[in-house]
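I opened this notebook to go through one structure, from its overall dimensions down to single residues. My entries follow the order in which I looked things up.

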Amino acid sequence: MADASNLTAKMDVDEAAIDEGLYSRQLYVLGHEAMKKMAASNVLIVGLQGLGAEIAKNVCLAGVKSVTLYDPEPVTMQDLSSQYFLREQDIGKPRAASTLPRLAELNAYVPVRNLGGNAGQEISVDLIRPFQAVVLCGVSYEKQVEINDWTHQNGVHFISAETRGLFGSVFNDFGPKFTCVDPTGEQALTGMIVSVDKDKEGLVTCLDESRHGLEDGDFVTFTEVQGMTELNGCNPRKVTVKGPYTFTIGDTSDLGEYVRGGIFTQVKMPKILQFKSLRESLASPEFFMTDFAKFDRPATLHAGFKALSQFKAQHKCLPRPRNAKDATSLVALAKKIDADVDEKIITELAYQATGDLPPVAAVIGGFVAQEVLKACSAKFHPMLQHLYFDSLESLPTTLPNEQDCQPLGSRYDGQIAVFGKSFQDKLANHRQFLVGAGAIGCEMLKNWSMMGLATGPDATIHVTDLDTIEKSNLNRQFLFRAKDLGKLSLKQDPVGQATENVFDDDFFAGLDGVTNALDNVAARVYMDQRCILYEKPLLESGTMGTKGNTQVVIPHLTESYSSSQDPPEKQTLSCTVKNFPNAITHTIEWARQEFDAMFVKPVESVNQYLSEPNYLENSLKYSGQSHDHISQIVSYLVTNKPLTFEECIIWARLQFEEKFNNSIRQLLHSLPKDHVTSTGQPFWSGPKRAPDPLVFDSSDSTHLSFIIAAANLHAYNYGLRGETDPVVFKRVADSVIVPEFSPKSGVKIQITENDPINQSSSDPDDVSDLVKKLPPPSSLAGYRLTPVEFEKDDDTNHHIDLITSASNLRAMNYNITVADRHTTKQIAGKIIPAIATTTALVVGLVCLELYKIIDGKNKIDDFKNGFINLALPFFGFSEPIAAAKNKFENTEWTLWDRLEFKNDPTLKEFITWFKTHHNLDVSMVSQGVSMLWSSFTDKKKSAERMPMKFSKLVEHVSKKPIPPHTKHLLVEVMLMDEEMEDVEVPFILIKI
């Protein structure tokens with residue numbers, strides 16, 4: 001038994017700096033401050049069955065100071081139902097000791113310890129003293145109350161949780177006075193203002209480009225206000241919203257007169273929360289709703305879980321699976337606690353009490369782990385205070401009997417107790433295709449392996465993923481051990497038209513369903529279309545930080561993934577990025593464009609000139625900016641081609657001058673700071689910030705880091721060896737003689753989106769002079785430059801360094817607050833924030849829907865789409881939307897229906913079929929990108945094509961053979977009825 005005081009001493013290991021490579025995606029969710037607080041927190045987890053292991057896994061991946069385990073009970077066969085760190089050879093050994101070595105592998109920064117103990121010895125107050133957070137899993141209510149009485153008084157954060165079959169329960173107590181520093185985790189809102197009234201109300205009006213997004217009770221402060229300068233940096237002022245562009249901030253009557261300008265920024269105010277102890281909460285609970293359709297369920301389960309604890313104390317065991325006598329006893333106990341309980345629900349709780357389901361452990365374990373992180377970091381709003389969850393909809397339509405649920409001495413006994421042996425056999429024979437094996441994919445495979453999916457003789461799980469593992473993946477992907485899975489068929493082919501020979505008709509015919517674990521919309525839409533074509537159910541999910549969603553797509557029942565899409569992202573106007581940035585996102589976007597313009601596009605043009613015959617003629621013919629284009633090739637291939645690394649530094653120094661000094665001076669020459677608009681208003685006002693040129697200073701770290709990154713990337717283009725010693729760069733950069741710059745007159749600046757982009761007027765003679773400077777490609781046979789391929793996750797390649805320094809230098813030009821490398825990397829790399837807790841929970845919800853698919857449920861209200869936000873926290877469930885019904889003549893159809901033509905008909909037979917059967921005229925027939933026939937095809941071609949079979953027709957028109965794996969063609973038609981109205985029909989499939 002480890003001595004508690006020794007443990008405290010051992011825990012005093014201070015966390016080193018946060019590893020941004022490992023924690024990159026999670027840092028975008030939690031931030032550095034919260035992670036530093038977590039790194040000072042020691043967490044104790046008591047009870048290491050499936051739920052405890054899931055919580056421990058998520059907390060270890062997230063990175064706290066230490067995790068300590070307590071569970072001296074011996075491992076049993078049933079523990080293997082959901083505890084994925086245990087093996088059959090561990091049976092009989094203590095649970096915590098067996099779990100520890102595999103848990104410790106997950107994160108080298110988090111020491112994992114075992115608190116020891118002997119079998120039969122419960123946790124005691126003496127053992128929990130050294131910890132900042134204590135989690136009890138599956139512990140009796142008497143013990144929970146005893147421990148919580150002490151933690152409530154002594155400032156230790158307390159969470160207790162348990163899962164019973166398809167039910168779960170969580171209780172939180174973070175003490176009588178818990179400060180939550182950031183309840184939502186959303187970015188602080190900010191916006192430009194155009195007026196502030198000087199009166200008792202203090203009405204603020206925002207620029208009418210975008211809504212302020214504030215809510216009553218929010219707080220704001222201000223910067224850059226002219227006139228009413230007292231507002232700049234003022235103490236946070238409370239907001240009352242008056243409209244989408246206006247809000248009041250209270251009395252401003254004693255402040256100066258507002259003149260112009262100003263930016264409001266929301267201030268996140270800490271929130272003090274009062275938690276009741278468990279003793280108090282059991283009598284007067286505060287419920288957190290997980291499903292608003294089950295509004296009265298928490299009260300019943302509150303009594304039910306309490307009764308379950310009493311039953312176990314009396315009988316020294318839990319109610320037996322589907323045993324009516326035990327269920328009656330539990331109902332009687334529950335009714336003593338609360339006479340109004342729903343007997344049906346309590347009966348199910350009794351039936352499932354010995355059940356142990358991996359998806360429920362994933363849902364409750366993901367949720368509890370996030371609550372642990374909230375306790376340690378004070379980031380995000382904790383759950384108040386009792387959560388009860390169930391997924392009774394996942395039960396089979398034909399319920400199992402008592403005999404079917406008896407334990408068999410197998411690792412699936414925890415699942416058989418709920419679903420029965422015959423359903424377990426269905427699971428074993430189910431064939432799934434998992435598309436993507438990243439964070440969601442890993443969790444999915446872990447759950448499937450624990451559930452016994454595809455363990456039958458003829459079943460297989462197919463997995464495909466294109467990516468390689470990056471360091472940042474390891475923060476969420478505890479890489480599964482494949483030996484416990486059914487049978488895995490691993491592929492490294494992307495899904496798409498290019499691999500339809502791999503994922504062909506026969507492949508899909510051997511599937512019972514598809515699960516997407518993808519990170520991009522294009523691949524999701526493609527898989528959605530394949531599932532419609534082959535009529536396969538699709539499970540779809542995604543996460544972003546603490547937000548997650550799940551969608552279930554059922555053939556001939558629900559709409560598909562593509563039926564509803566998110567609105568497109570708001571694009572920044574090109575003139576804003578090019579000339580008038582007012583936010584750091586604008587300068588980062590500009591820097592990302594400059595990255596391509598310096599190290600990618602010109603290099604590709606040089607290579608095209610060297611490798612493609614007639615490249616110049618074609619580019620002169622089609623490009624409006626041929627002069628710039630060719631002068632770029634001349635620069636990169638002739639005039640500025642470096643032979644030494646020193647010349648790369650000189651080039652970088654001149655780039656600095658051009659981008660951060662000369663171009664700004666030119667802009668101010670064309671639009672001086674005192675320039676006024678046609679209405680007499682100052683031009684440089686509102687969102688237009690007047691810039692200032694930068695004077696190069698090699699002792700300024702941002703200036704120098706631009707030179708270092710740009711010179712190294714330029715050297716990479718030419719295959720020259722780089723350098724990182726700042727002394728070298730300083731010496732060379734300071735010795736560069738920079739040519740004198742004088743602004744040109746008559747340069748047109750793009751002020752609005754509709755203005756033409758400033759194009760240099762090129763004289764044909766100039767262009768031909770430039771072309772004469774180019775060496776003939778034959779004289780450089782085999783010579784090529786190397787374009788840079790943007791890679792955000794390699795910290796040694798200078799890519800993010802270049803974008804960060806360029807963006808910050810431009811921000812300095814425009815007096816915009818600069819951003820650190822970490823923030824710049826997220827915006828430039830379009831990184832989706834991610835954390836293991838959300839992933840685990842979302843995948844648990846997906847697997848609860850998979851049970852329903854395997855059961856063959858076919859009513860829309862059997863299924864649930866989910867949306868969760870762990871920061872708030874919030875759970876929302878809804879029925880999937882039904883597939884929209886369309887009609888032609890008297891036939892109703894949805895996106896799942898199709899018109900099938902067998903035996904490769906001729907075009908004439910095809911057209912005649914529509915006329916004969918539906919009295920519809922075909923006006924156009926196309927396949928893929930080929931127009932096969934239309935009513936205006938000339939007579940000769942028409943006569944030639946009419947007798948052709950479809951397969952020949954497609955080959956004839958596309959001039960390409962049909963691939964041998966293709967067994968059908970998707971054909972599009974335009975049809976008209978007698979009134980010449982267009983008629984929509986289901987998609988058309990021609991079997992060839």
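**Entry 1, burial and overall form.** I began with burial, and of the 992 residues of the protein, 54% count as buried. I note here that I am working with a predicted model. For the surface I took down an exposed area of about 43,700 Å², of which carbon and sulfur atoms supply 52%. I then turned to the overall dimensions: the C-alpha atoms fill a box of roughly 100 × 85 × 60 Å when it is taken along the principal axes. The radius of gyration is 33 Å, which agrees with a compact globule, because a chain of 992 residues in that form would have a value near 30 Å.

**Entry 2, secondary structure, contacts and charges.** I listed 31 helices and 33 strands for the protein. Looking at contacts between residues at least 6 apart in sequence, I found that 74% of them join residues at least 24 apart. For the charges I compared two mean positions, that of the 99 positive and that of the 127 negative charges, and they are 2 Å apart.

**Entry 3, the nonpolar cores.** Which residues touch the most other members of the largest nonpolar core? Within its 143 residues, these are Ile123 and Trp448. Helix H28, which spans residues 836-855, gives the most to this core, with 12 residues. Apart from it I found another core, of 65 residues, which includes Phe660, Phe706, Val788 and Ile816. I followed up Ile123 and, leaving out residues up to four places away in sequence, listed its contacts as Leu44, Val46, Tyr70, Leu115, Ile128, Leu136, Lys143 and Ile147.

**Entry 4, Thr151.** Ile128, which touches Ile123, came up again when I looked at Thr151, a residue of helix H6 (residues 141-154). With residues up to four places away in sequence not counted, Thr151 touches Ile128, Val156 and Phe158. Is Thr151 buried or exposed? I record Thr151 as buried, because its relative accessible area is 0%, and the cut-off for that word is under 20%.

**Entry 5, backbone geometry.** I next looked up two residues other than glycine with a positive phi, beginning with Phe380, where phi is near 80 degrees. Phe380 sits in the loop between helix H11 (358-377) and strand E17 (386-390), and I count Phe380 as buried because its relative accessible area is 2%. For Lys959, phi is near 60 degrees, and the residue belongs to the loop that runs between helix H31 (950-958) and strand E31 (968-976). Unlike a buried residue, Lys959 has a relative accessible area of 71%, so I count Lys959 as exposed, the cut-off being over 50%.

I also checked a peptide bond, the one from Leu872 to Pro873, and found that it is cis, with omega near -20 degrees. Pro873 itself lies in the loop between strand E24 (865-869) and strand E25 (874-878).

**Entry 6, Asp938.** My last look-up was Asp938, which I located in the loop between strand E30 (930-934) and helix H30 (939-945). Its relative accessible area is 42%, so I wrote Asp938 down as partly exposed. How far apart are Asp938 and Leu539 in space, C-alpha to C-alpha? The two residues are 47 Å apart by that distance, with 399 residues separating them in sequence.

Terms used
Residues are numbered from 1 along each chain as its sequence is written. This is a predicted model: local features need pLDDT of at least 70, side-chain atom pairs count only at pLDDT 80 or more; totals for chains, interfaces and linings use all residues. Side-chain values use heavy atoms; hydrogens and water are left out. Buried means under 20% relative accessible area, exposed over 50%, partly exposed in between (1.4 Å probe, protein chains only). Contact means heavy atoms within 4.5 Å. A nonpolar core is a set of buried Ala, Val, Leu, Ile, Met, Phe, Trp, Tyr and Cys residues joined through side-chain atoms within 4.5 Å. The radius of gyration is taken over C-alpha atoms; the globule rule is 2.2 Å times the number of residues to the power 0.38. Accessible areas come from the Shrake-Rupley method with a 1.4 Å probe; for residues, only the protein chains shown count as cover. Lys and Arg count as positive and Asp and Glu as negative; His and the chain ends are not counted. The place of a charge is taken as NZ of Lys, CZ of Arg, CG of Asp or CD of Glu.
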